[in-house]
2 protein chains.
Amino acid sequence: MAQYMSMDTLRFLIHEVLDVQQLLKYDRFKDYDKASFDLLLDSTKSFADQFMYPVFKEMDKSPAYFKDGKIHVHEAVEKMMEYAGQNGTIGSTFDYEHGGMQLPHVIESALAHIGQCANNSLTGYPGLTSGAAQLIVNFGTQDLIDTYVPKMIEGKWGGTMCLTEPQAGSSLSDITTSAESQADGSYSIKGQKIFISGGDHEYCENFVHLVLARIEGAPKGTKGISLFVVPKYILSDEGNLLPNDVITTADFQKMGQRGYCTTHLVFGEKSLCKGWLIGPENKGLKCMFLMMNGARIDVGLTAASTATAAYYASLQYAKERPQGRRVLSGGKKNTDEEQTTIIDHPDVRRMLLLQKSISEGALSLLLNASYYHDLSKVSESDEERKKYHLLLELITPIAKTYPSEMGQISISNGMQILGGYGYCTDFPLEQYYRDIRIMAIYEGTTGIQSLDLLGRKIVMQNGEALKLLTKEIIYTIKEAVAFDLLKPYADQLKTASKKLETVLMHLLQFAMNGDHERFIADATPFMELMSNIVIGWQWLKIGLRAHIAQINGKEVYGNAFYENKIHTMKFYYKYELTKIEGLALTLMHPDALTIKEKNKATLTE
Amino acid sequence: MAQYMSMDTLRFLIHEVLDVQQLLKYDRFKDYDKASFDLLLDSTKSFADQFMYPVFKEMDKSPAYFKDGKIHVHEAVEKMMEYAGQNGTIGSTFDYEHGGMQLPHVIESALAHIGQCANNSLTGYPGLTSGAAQLIVNFGTQDLIDTYVPKMIEGKWGGTMCLTEPQAGSSLSDITTSAESQADGSYSIKGQKIFISGGDHEYCENFVHLVLARIEGAPKGTKGISLFVVPKYILSDEGNLLPNDVITTADFQKMGQRGYCTTHLVFGEKSLCKGWLIGPENKGLKCMFLMMNGARIDVGLTAASTATAAYYASLQYAKERPQGRRVLSGGKKNTDEEQTTIIDHPDVRRMLLLQKSISEGALSLLLNASYYHDLSKVSESDEERKKYHLLLELITPIAKTYPSEMGQISISNGMQILGGYGYCTDFPLEQYYRDIRIMAIYEGTTGIQSLDLLGRKIVMQNGEALKLLTKEIIYTIKEAVAFDLLKPYADQLKTASKKLETVLMHLLQFAMNGDHERFIADATPFMELMSNIVIGWQWLKIGLRAHIAQINGKEVYGNAFYENKIHTMKFYYKYELTKIEGLALTLMHPDALTIKEKNKATLTE
């Protein structure tokens, strides 16, 4: 079987770069040890090898589709939900009392990574079910928890999140789905939701939709949105499933992730569609964000994983494909020589290292985010928990966006290595290229994430989160600067970090002067700048751990492994971190060219 | 009908930025005037509207395929070839004596742009036929010209270029297709060629393949390659078409450009496959490059055109789609307001301007290249002709690569404007996104183009071509610097141009010290740096002409048009030209991280 990810890299990141064993001291994780984590990783890899990877291409060639009122998906979805239910995947991080495994989020992410590398379409089904169940656990009544959560954790019932409406898109303040209070305490839900991933298919007995809607008379805008559990079938007191008026009216045929169905749902159009409020009235958006934040991390991780799988596909090709010869002094080539394998050409090495630096840097950030998630729950003091919560909040939009955006570039370089074959459907690169493109759109586009980063996360609590992140980065720099090999990179990161501060001070002036539109106008290039530095920090951490392993002679994964990590760090600092120079110039530029009122140009043509 | 290109921009570029009327003073073009050029543009637009654009999506949904030994393409191909034959498109730039129209290349490119914007799959069929016929005209005997060229110009017979072989890919020195001399002066051809665009279908009576092969006993490497005309059917003295042993054995199913067939051809496997040498023995590659250079320009133009069409699709959506509200002072939004159309959001404006700056900058460069092509043929003195030939040689790899690479980014931003809809097959963006991706691979990948630029074109004739280009750029800077509005941009371009020089001096040291592999190791980032500056030069030219039109009160296309051009120039200088800072750092970095021998890292994992 083709290699689609690296277990060594994954283990190195969780055990050496993050040191997840630090989590074992907390009571919540007392039943685990390193060996049990490794066992879980191995059994997930084995399932991914035997079952998920083999149907990856097939699910693309026979995409999910809508016919005669039904969504048809690949039969692998049945086995996937069954496996996820039987192995506890869906509720893996949940409390024991809710049928969960109390697994650390960082381990859950590591397991998810394996599956996503093998088959990025299949993992969405249990993934969203888990997020939806989590919402019910957090905000639902005991009755709702008892009714829905066990079936969802078992993988018998699917879960979804229903936010987007045709007329509103990213503008949630404009959603119009309505909820009218009923005598029995439930609500009558009416409205339409689009782009609902995993929204319906034949392999779950029931679907549990988490739906944003407005209770009659609620305030306008996002302050009047509430959250409801709306099942496709209602469980009667006798244990029968009775139809609720949730109708799938269409699907969306996508460029990629074709094995993952996307549906159009209509609620309460013909008869009564019952929903149950969870969380406080009009606070639905805040509740939904618990799931949304998890989903954003999951999208970022899926992007990092898709880029990882593409990297290994192009690496294998580069190692096997003979073509051309090395360039000799004077620019000549010796045509008497055998052709060299293309991995020896500098431009191919550049493309491989670019992929490696993006995909592993991204994976490292995602695992770091999940680790913060754990620490925000289990740390002993309020202050510590708050600290890690803020760090997680700040890096979530970056962890979602960097892999989604740069993962596209990464895979494009992988395709380029295969040349014409990369563009052909007989080879896997073109599917990865199509699949990853949705990640910059799912769960809030790059534009939305960038507004969230600059307009909300950076400024929240007087910049507290950024101060904490800067401290973390400086901590790594201080550790690294002690090693001759790493000092130049630590210094470069320090300079970069100061440049970020300068740029931010420049932008904040606009906010302070009341010109908020100008403040956030270039949020996307700002996201690019900041992501670049945050990934640079991840690579310095990776380089540091690799170098320490070399020095200590504890090269668990072999010398070449650690050497390659340090080399890829160097590559990132030469080819990628340098981009911040241009971005800073753009962000500090005096002209406001994208604000309508400030320019004569109409842009209508 | 949806807008897919701008006739105003096209006319502005050829009449005002390039001033093609300067060509009318040459005898070769004496039968033309501005009105006749405009008439051709209009009639091509009308055909594109009525026939090419309407089948664009359809050709993607029902791709070309191979079945029972035959390639099946959309029936539109028949009408396309018929139209191209009847209207002189295929031979438009050919001499009158060869049945051509003696049209300037720049006008041919303008016409091709219109068609490519409407339907990038259809234009390849007549395009390659034209290139193949041109080769026969240039290097074939009168007999071969008489036999093949008229039928090709009429669109009855298709033409192809056959270079790539399964074992050789980009390494042409390793091709093994053989040619054995026959008693009748022809050659017996044996071998296989892959990735042959437009290589076979039911709507041409015959196919004329231009095939690279080795004559028995020829020297190894590229010095032993000859060029042959190999028809699918041989025209007998009685005027009958007799089968030659050219067999289509398979097709390649591609991610995009699915209406444009890609074939696998086998020559002489079962019986005699006759071919006729054109050009001198063992000089085939040099001859082929006449067609190849044209094909590279054509690929670059198709990329620029595909990005243009995508730009207009996303512009239309942005103008029509209501969503969200403008940000007010303090970061609030007024939810009592109606939703605004998304074109008013700064991030959407940024994405539109990015697309416009890439696609129009690229189009301008391509038309400039074709204009140089004309001047290299018709200029009066040898020196002038040589000058324009060198300029064309130098900018060809850039004109092929910039639109192909940055066009992907451009279209990706267009898709982002449509959000989830952009990823769905009901909307056109995802097709443009898939279609354009092949352009960085066709006719020499970006890696190959970059080696050509830095390793060959920059250094040829002691850097003469670069000196000439620098002169052209300085000429524009000098013109622009006289205007207050343009001076900052002229200055920025001057600084950028000096930075290019510094980087080049740095790299050339490696070549001078005999380390040629190091010299060209970062050819691709060098391509990116230089392209960025060359497109900056195009935008300064555009800004200059627009500003002069404003000053003179000769705003032929309306005030908003010129204002938008100047605005887009400003955008390019703020958001794109600034990238050279990071690229220069990368290129001047002391570490050689992509050369195998110079690093301990193995990159095997």
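# Exercises on a two-chain model

α8(A) bends by about 35 degrees at A:L290, where the bend at a residue is the angle between axes fitted to the seven residues ending there and the seven starting there. The model is predicted: local features need pLDDT of at least 70, side-chain atom pairs count only at pLDDT 80 or more, and totals for chains, interfaces and linings use all residues. Residues are numbered from 1 along each chain as its sequence is written, and chains are lettered from A in the order in which they are written.

**Exercise 1.** Compare the reach of helix α8 of chain A with its expected span, and state how far α8(A) is enclosed.

*Solution.*
1. Helices are DSSP runs (H or I, at least four residues), numbered from the N terminus.
2. Residues 284–320 of chain A form α8, with 37 residues.
3. The expected span is 1.5 Å times one less than the number of residues.
4. From first C-alpha to last, α8 of chain A reaches 54 Å, close to the 54 Å expected.
5. Because 29 of its 37 residues are buried, α8(A) is largely enclosed by the rest of the structure; buried means that 20 or more other C-beta atoms, placed from the backbone, lie within 10 Å of the residue's own.

**Exercise 2.** Find the relation between chains A and B.

*Solution.*
1. Superpose by least squares on the C-alpha atoms of residues with pLDDT of at least 70 in both copies.
2. Chain B falls on chain A after a rotation of 180 degrees with 0.0 Å of shift along the axis (RMSD 0.0 Å).
3. That is the relation of a two-fold axis.

Technical notes
Helices (H or I, at least four residues) and strands (E, at least two) are DSSP runs, numbered from the N terminus. A residue is buried if 20 or more other C-beta atoms lie within 10 Å of its own, exposed if 12 or fewer, and partly exposed in between; C-beta atoms are placed from the backbone.
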